[in-house]
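The following exercises concern the fold of a single chain. Each task is followed by a solution worked in steps.

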Amino acid sequence: MKTTITILVDDQRGEADAVVEHGFSALVETENASILFDTGQTGTALSHNARLLGADMAALSAVVLSHGHYDHSGGLPEVFHGRTDLPLFLHPDAVQPRYRERTNAPPNPVGMPEACARSVRQLDSRTRWITTPTEIDDGIWVTGPIPRRNRFEDTGGRFFLDPGCQTPDVLNDDQAMWFNTQSGIVVLLGCAHAGVTNTLDYVAEVTGAFSIHAVIGGMHLGSANQDRLRFTVSAIQRYQVQLVAPCHCTGQTAMAYLAKHLGPAYRSCSIGHRFIWTRSG
Ligand SMILES: [Fe+2]
Ligand SMILES: [Fe+2]
């Protein structure tokens with residue numbers, strides 16, 4: 001069974017006529033399913049780029065949110081407009097208000113915009129709250145909350161649950177998607193606030209796998225120090241990952257570091273990039 005990942009929204013253009021925004025969305029397609037993983041920041045980039053790339057939004061069978069941040073959830077009203085049958089998979093914390101502390105500026109809200117939270121509430125029974133690893137379609141899994149087991153990784157930012165920045169936001173809603181292929185396990189990340197290594201460790205633990213074939217998506221390493229970058233590379237190498245395609249919030253310095261240390265396994269990734277595998281089983 002063929003499975004394709006197409007990057008629809010990203011911070012890098014890739015396609016000449018694509019609309020770029022700070023955000024992420026990828027389409028996962030099989031013979032039987034068409035699953036949207038995140039929706040970008042506005043919905044405008046998502047619809048424009050989907051049209052440009054020939055991705056049929058009317059054919060969606062499910063939507064997954066990696067977490068509730070505005071740059072992943074902002075396109076929800078657009079995606080669900082006129083759709084009465086589409087399920088949404090997300091962690092309950094994804095709808096909560098949240099803030100990012102800034103230097104020399106008041107904290108800014110970075111949670112799901114109210115219009116999006118409203119559209120989630122209107123879905124009622126079509127909302128599937130994910131709190132454990134869950135198979136959402138034939139062989140397509142989401143992790144649910146990812147245990148934070150190493151001391152090198154943090155959420156990658158000064159995130160809080162209150163505008164006074166007193167209660168840290170641990171981004172418990174952060175989740176990744178994975179599926180198996182004839183080449184091995186493919187992991188799709190949103191922002192990886194749980195950490196790339198924690199995410200790979202958890203997918204390996206849940207599946208019993210010793211290796212992972214591909215890791216694609218946002219890695220949120222913009223504020224990572226050298227120790228964390230080294231630690232991330234050694235985890236990727238430990239799992240013998242053959243294809244590493246960081247994008248979105250990974251950060252230019254981290255991308256350069258990964259490219260330098262991962263050699264041919266490193267692939268560039270931006271709007272319009274398409275990855276195709278044959279699924280096993
Ligand atoms: Fe993000
Ligand atoms: Fe995020």
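**Exercise 1. Determine which residues have the most contacts inside the largest nonpolar core, and which strand contributes the largest share of that core.**

Solution. In this predicted model, the largest nonpolar core comprises 76 residues. Those with the most contacts inside it are Met 177, Val 187, Leu 188 and Val 215. The largest share of the core, five residues, is supplied by strand E13, residues 184-189. For Val 187, leaving out residues up to four places away in sequence, the residues touched are Ala 176, Trp 178, Thr 199, Leu 200, Val 203, Ile 212, Ala 214 and Val 215.

**Exercise 2. Establish the strand order of the open sheet of six strands and identify the strands at its edges.**

Solution. The order is E9-E10-E12-E13-E14-E15, and the pairing is mixed. Strands E9 (134-137) and E15 (243-247) each have a single partner strand, so one side of each lacks a neighbour in the sheet; these two strands therefore stand at the edges. On average, neighbouring strands of this sheet are turned by 20° against each other, direction ignored.

**Exercise 3. Describe how E13 pairs with E14, and state which strands helix H5 touches.**

Solution. E13 pairs with strand E14 (residues 214-218) in the parallel sense, over four bridges. Within this pair, Val 186 stands opposite Ala 214 in E14. Helix H5 (residues 196-207) packs on the sheet, where it touches strand E12 (177-181), E13 and E14. The direction of H5 makes about 140° with that of E13.

**Exercise 4. Decide whether Leu 189 is buried or exposed, and list its contacts beyond four places in sequence.**

Solution. Leu 189 lies in strand E13. Around Leu 189 there are 32 other C-beta atoms within 10 Å. The criterion for a buried residue is 20 or more, so Leu 189 is buried. Its contacts beyond four places in sequence are Ala 176, Thr 199, Val 215, Ile 216, Gly 217, Gly 218 and Met 219. Leu 189 and Pro 246 are 57 residues apart in sequence, yet their C-alpha atoms are 9.0 Å apart in space.

**Exercise 5. Assess why the chain counts as being as compact as a globular protein of its length.**

Solution. The chain contains seven helices and 16 strands. Its radius of gyration is 17 Å, close to the 19 Å that the globule rule gives for 281 residues, so the chain is as compact as a globular protein of that length. Along the principal axes, the C-alpha atoms fill a box of roughly 50 × 45 × 40 Å. Buried residues make up 47% of the 281 residues. Of the contacts with a separation of 6 or more, 73% are between residues 24 or more positions apart.

Technical notes:
Residues are numbered from 1 along each chain as its sequence is written. Chains are lettered from A and ligands numbered from 1 in the order in which they are written. This is a predicted model: local features need pLDDT of at least 70, side-chain atom pairs count only at pLDDT 80 or more; totals for chains, interfaces and linings use all residues. A nonpolar core is a set of buried Ala, Val, Leu, Ile, Met, Phe, Trp, Tyr and Cys residues joined through C-beta atoms within 7 Å. A residue is buried if 20 or more other C-beta atoms lie within 10 Å of its own, exposed if 12 or fewer, and partly exposed in between; C-beta atoms are placed from the backbone. Two residues are in contact if their C-beta atoms, placed from the backbone, lie within 7 Å. Two strands pair if DSSP finds at least two bridges between them. Axes are lines fitted to C-alpha atoms, for helices over the stretch in contact, and angles run from 0 to 180 degrees between N-to-C directions. The radius of gyration is taken over C-alpha atoms; the globule rule is 2.2 Å times the number of residues to the power 0.38.
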